[in-house]
Amino acid sequence: MLALLEKVMLFVEPIALAVLLVYAYGFFSRSARSTNWVNLIMGVVFGLAASAAMSSPISIADGIIVDIRNLFIGLAAAYFGLVGACVAFFIGATARVFIGGEGMFLGIAAMSVAGIMGLIWASLVRPRVHNDILSLLMLGAMISAHLVVGIFLPPAIREAFYQGLGPTLLTANLLGAVILGQLIKRERMILDETDRLTSATMTDALTRLMNRNAAVSAYDALPDPVDHRHGVAMFCIDVDNFKPINDMHGHLRGDAVLVEVAKRMLSCLRPEDVCARLSGDEFMIVLNDITEGDAMAVANRCRDCVRFSPVVADDAQIDVSVSIGGIWLQGKPTFKVFRDLADQALYDAKSEGRDCVVLGSTGRDPEMSSDYQMAVA
């Protein structure tokens, strides 16, 4: 009766731990900043799960224990890559060393086999087998390749292992892979949908730049410049004579012009710079931690890149230019104050005849919206 109960627990543990692991995956996926961090953290979580499995094993001989640790090592490799596999293996192997006994080296070898099988499944099987249940059953079977290390057990123990616990471990691995795999897939679908909805609310649908809401959030999150000689620059940009372009070439070609203008300006910026489409043909750029001269150079580079060659839309070649007005400050006012100053500079750029850059500066007093020095290029 006791032996039967121990075998039943091999099935119960994967189900109970699966729920906890998936909750952990959902939490850290929403909290971590990058995929590498998620893989690292989940490697730790699955490694701890493997260690927990070793705390209630089935002992088949002195120092030789059987549990489901290899399921968690294999799943960490399958879903969280080499980083997750290495971290989970290290934690699990460390726990096995502390337990010690004659079966220690075989146990560590079995974990390495399970991890390698998980990596192979992720790279070769998952992309090719589109039936989820079949794919997960194959994962469970591949993880069960760790059972091969049982051939190195003493003959008497080896026979008891394969006849008594081998089939039970195989079944536990198959069941655990299907349950946990399906739960992780469901959680990933929820995360993807959440990311899609978030992106839709923060991204301009046409140009794929930030929209106004995203630009305000990005501006508010800007760190203070590192160098005291540096400041923040905001530029407002209008496509010159955009209404005539729409009237002459049609709105579809006009949309193509906006997409190309966005692409060309974005190519002139640093990855950390903010580039957004505010509305219609109006764009905005924010450059942080930059000198006034460098900000002017970036704005001129954007203007030159837009007008360098015509925009090709279907069979039409459309000459495009932009007017750029901006402000450079060593302080950081509210977004509205900064935007009003940049808008005033844009108005001056249009008054200068368009296709030019006007950069204003109020020094250290960002509230002086009507009294700023002006540079025109």
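Me: How much of this protein counts as buried?
Reply: Keep in mind that this is a predicted model. Of its 377 residues, 48% count as buried.

Me: And what does the exposed area consist of, in terms of atoms?
Reply: About 18,400 Å² is exposed, and carbon and sulfur atoms supply 62% of that.

Me: Okay, next the fold. How many helices and strands are there?
Reply: You'll find eleven helices and ten strands. As for contacts along the chain, take those with a separation of 6 or more: 70% of them join residues 24 or more positions apart.

Me: How do I read a pair of packed helices? What describes them?
Reply: Two things: the angle between the axes and the distance between the axes. Try helix α3 (residues 69-99) with helix α4 (residues 104-125): they pack at about 170 degrees, and their axes lie 9 Å apart. An angle over 145 counts as roughly antiparallel, so α3 is roughly antiparallel to α4.

Me: Which classes of residue make up the contact of α3 with α4?
Reply: By class, that contact has 17 nonpolar residues, plus eight polar and two charged ones.

Me: Let's pick one residue. Where does K185 lie?
Reply: K185 belongs to helix α6, which spans residues 155-202.

Me: Why does K185 count as partly exposed?
Reply: Because its relative accessibility is 36%, and partly exposed covers what falls between the 20% cut-off for buried and the 50% one for exposed.

Me: How far apart are K185 and Y79, in sequence and in space?
Reply: In sequence, 106 residues separate K185 and Y79; in space, it's 9.9 Å from C-alpha to C-alpha.

Notes. Residues numbered from 1 in each chain as written. Predicted model: local features only at pLDDT ≥ 70, side-chain atom pairs only at ≥ 80, totals over all residues. Heavy atoms only, no water. Axes fitted to C-alpha atoms, helices over the stretch in contact; angles between N-to-C directions. Helix = DSSP H or I, 4+ residues; strand = E, 2+ residues; numbered from the N terminus. Parallel < 35°, antiparallel > 145°, perpendicular 65-115°, else oblique. Nonpolar A, V, L, I, M, F, W, Y, C, P; charged D, E, K, R; others polar. Buried < 20%, exposed > 50% of the residue type's maximum accessible area, 1.4 Å probe, protein only. Contact = heavy atoms within 4.5 Å. Areas by Shrake-Rupley, 256 points an atom, 1.4 Å probe, with all protein chains shown as cover.
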